[in-house]
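Welcome to the tour! Please open your viewer and keep the sequence panel in sight.

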Amino acid sequence: MKKFSNAWISSKNPRKQRKFVYNAPLHLRSSLVVSHLSKELRQKYLRRSLRVRVGDKVTVMRGQFRKKSGKVERISTEKCKAYITGIEVIKKDGSKALYPIHASNLMITELILTDKRRIEVKK
């Protein structure tokens with residue numbers, strides 16, 4: 001049975017949207033790790049959102065860590081989550097672990113422009 005269809009365009013049905021994300025291959029999932037830009041960056045680059053990368057400074061917009069900001073340490077394209085410095089959860093044994101936050105709940109406040117493809121965004 002074929003799990004993922006390249007012919008899928010879109011659907012208003014949330015069940016089908018979730019199924020698309022769940023079954024999507026990694027090269028398509030990486031394009032789902034996208035966050036809004038801050039107002040200053042939006043005016044500067046004339047774009048609303050960009051893919052989150054390691055090193056970007058972000059602010060959490062939703063959840064228990066709302067209004068906290070930090071640098072992106074790691075990104076999980078499998079889970080569509082970002083791990084940010086300073087946003088940790090304390091485990092039962094007392095150790096700390098980075099807390100995964102969905103990219104849609106973040107706002108990029110500072111970009112890293114060391115990547116050649118990302119520099120193209122500036123144009």
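Accessible areas here come from the Shrake-Rupley method with a 1.4 Å probe, and for residues only the protein chains shown count as cover. With the whole protein selected, about 9100 Å² is exposed, and carbon and sulfur atoms supply 51% of it.

A word on what you are viewing: this is a predicted model, where local features need pLDDT of at least 70, side-chain atom pairs count only at pLDDT 80 or more, and totals for chains, interfaces and linings use all residues. Residues are numbered from 1 along each chain as its sequence is written, and side-chain values use heavy atoms, leaving out hydrogens and water.

Next, switch to a cartoon view. You will find four helices and seven strands, which are DSSP runs numbered from the N terminus (helices: H or I, at least four residues; strands: E, at least two). Following the sequence, the order is α-α-β-α-β-β-β-β-β-β-α. The C-alpha trace spans about 45 × 45 × 25 Å along its principal axes.

Now select strand S4, residues 69-76, and look for serine 76 within it. Is serine 76 buried or exposed? Its relative accessibility is 10%, so serine 76 counts as buried; buried means under 20% relative accessible area, exposed over 50%, and partly exposed in between (1.4 Å probe, protein chains only). Of the protein's 123 residues, 29% count as buried.

Stay with serine 76 and show its neighbours. Leaving aside residues up to four places away in sequence, serine 76 touches Lys81 and Tyr83, where contact means heavy atoms within 4.5 Å. Finally, select lysine 79: its backbone nitrogen lies 3.3 Å from a polar atom of the serine 76 side chain.

Terms used
Polar contact = N/O pair within 3.5 Å; in protein donor to acceptor, adjacent residues only side chain to side chain.
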